[in-house]
Amino acid sequence: MDWMEITVLTTTEGAEIVSDALMQAGSEGTMIEDRNDVSANQRPEGQWDIIDEAIAERIGEDVKVTGYYTVDEKLADRISEIEQAVKQLPALMPEVPFGKLTVLRKGFEDEDWAETWKAVFHPIRLGEHIVVKPGWTECELQEGDKVIEIDPGLAFGTGTHETTGMCVALVEKYVKPGMAVIDIGTGSGILAIVAAHMGAKPVLATDLDAVAARVAGENAEINGFKDVIETRCGDLLEVVDSCGDVVIANIIADVIINLAAPVRARIADNGIFICSGIQIEKREAVRKALLDANYEILNDPVKGEWAAFAARKH
């Protein structure tokens, strides 16, 4: 079995939050390497007075949080989820010093991974009538199906993650023609494109990563929604001054908990907040944050180890 290691460079304060993001992206466990632990775990002088400086030197100044992932059809989405999640953490949790948040991959060279990814990424069905496919394949469609053609490359998701499927189903259910939709942390733009397929107009897709915003715009154009979907780079509360009838956030649980109250300023009265990226262990914490922020829970699906919510703003 082929494996890829994903390591994020962060700080002592940010390590557990980053670890949670790696776990939510599918790692069964994580390893945290923090040189502060080397000194903190030494015994007082007289009992054990040798501090292993070689270990501290090897670890370096950055705290390294590493997750482990099998190479399969979901790996592109896992990489995307990690990259998008960690890039949004500083803006959404400004009280935490996260450090560099550089994402490192070990296991495949970019060229090797590009070919492996093409071999494992095939058309997939999300929700009832959304089919996501790469440009180099054909697929059989059913009546009412809507196709999203997307070639996200190494850095952006393809929709295989369970959270994306739940979000797509909720978008199909709650987005109606003519609604204004905002997609936070859009990544490859899949959910924005789904909303456009449901008749939403306008659709605003935001991402803190300039490359993600560009790629989402390109995917919107490829799928015929250039005049419907606008992409912007930046934090939601800084680059958006309008309200959406539906706001979508497929991020991570900690960010959603922090976002639940402030995002209300960008949701129309009686509008819907669709959120996912929530590991099952944090489902009730997210529910509490939504209820505390005066939302009505309309739908709370679970798929595998993941949860999502659709909540109405009162």
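**Exercise 1. Find out how confident the predictor is along the chain.**

Step 1. Start with the whole chain: its mean pLDDT is 82, and 83% of its residues reach 70 or more. Here pLDDT is the predictor's confidence in each residue, from 0 to 100.

Step 2. Keep the ground rules in mind. This is a predicted model, in which local features need pLDDT of at least 70, side-chain atom pairs count only at pLDDT 80 or more, and totals for chains, interfaces and linings use all residues. Residues are numbered from 1 along each chain as its sequence is written, and side-chain values use heavy atoms, with hydrogens and water left out.

Step 3. Turn to the elements: helix α3 (residues 53–59) has the lowest mean pLDDT, 41, while strand β13 (residues 295–299) has the highest, 98. Helices (H or I, at least four residues) and strands (E, at least two) are DSSP runs, numbered from the N terminus.

Step 4. Look at the weak stretches. The pLDDT is below 50 over residues 38–59, a stretch with 18 contacts in the model beyond near neighbours in sequence. Residues 152–156 also have pLDDT below 50, with 21 such contacts. A contact means heavy atoms within 4.5 Å.

**Exercise 2. Describe the make-up of the chain.**

Step 1. Count the elements: the chain has 11 helices and 15 strands.

Step 2. Check burial: 53% of the 314 residues count as buried. Buried means under 20% relative accessible area, exposed over 50%, and partly exposed in between (1.4 Å probe, protein chains only).

Step 3. See how contacts reach along the sequence: among those between residues at least 6 apart, 69% join residues at least 24 apart.

**Exercise 3. Check the length of helix α6 and decide whether it is enclosed or open.**

Step 1. Work out the expected span, which is 1.5 Å times one less than the number of residues. For the 13 residues of α6 (residues 162–174) this gives 18 Å, and the end C-alpha atoms are 19 Å apart, which agrees.

Step 2. Count the buried residues: 11 of the 13 are buried, so α6 is largely enclosed by the rest of the structure. Among them are Glu162, Met166, Leu170 and Tyr174.

Step 3. Look at the end of the helix, where the charged end of Lys173 sits over the ring of Tyr174, 5.6 Å from its centre. For this label, NZ of Lys or CZ of Arg must be within 6 Å of the ring centre and within 35 degrees of the ring normal.

**Exercise 4. Locate the aromatic pair and place it in a core.**

Step 1. The structure holds 1 aromatic pair. The ring centres of Phe273 and Tyr295 are 5.8 Å apart and their planes lie at 35 degrees, so the pair is tilted. Rings of Phe, Tyr and Trp (its six-membered ring) pair if their centres lie within 6.5 Å; planes under 30 degrees apart count as stacked, over 60 as edge-to-face and the rest as tilted.

Step 2. Phe273 belongs to strand β12 (residues 267–279) and Tyr295 to strand β13, so the pair ties together parts 22 residues apart in sequence. Both residues are buried, and Arg264 lies over the face of Tyr295, at 5.4 Å from the ring centre.

Step 3. Now widen the view. The largest nonpolar core has 50 residues, and Phe273, Leu290 and Tyr295 have the most contacts inside it. Such a core is a set of buried Ala, Val, Leu, Ile, Met, Phe, Trp, Tyr and Cys residues joined through side-chain atoms within 4.5 Å. Helix α4 (residues 75–92) gives the most to this core, with 7 residues.

Step 4. Apart from it lies another core, of 35 residues, including Val171 and Ile193.

**Exercise 5. Pick out the unusual backbone spots.**

Step 1. Recall the background: most residues other than glycine have a negative phi, and most peptide bonds are trans.

Step 2. Lys201 and Pro202 are joined by a cis peptide bond, with omega about 0 degrees. Pro202 lies in the loop between α7 (190–197) and β9 (203–207).

Step 3. Asn270 has a positive phi, near 65 degrees, and is part of strand β12.

Step 4. Asn294 also has a positive phi, of about 70 degrees; its place is in the loop between α11 (283–292) and β13. With 41% relative accessibility, Asn294 counts as partly exposed.
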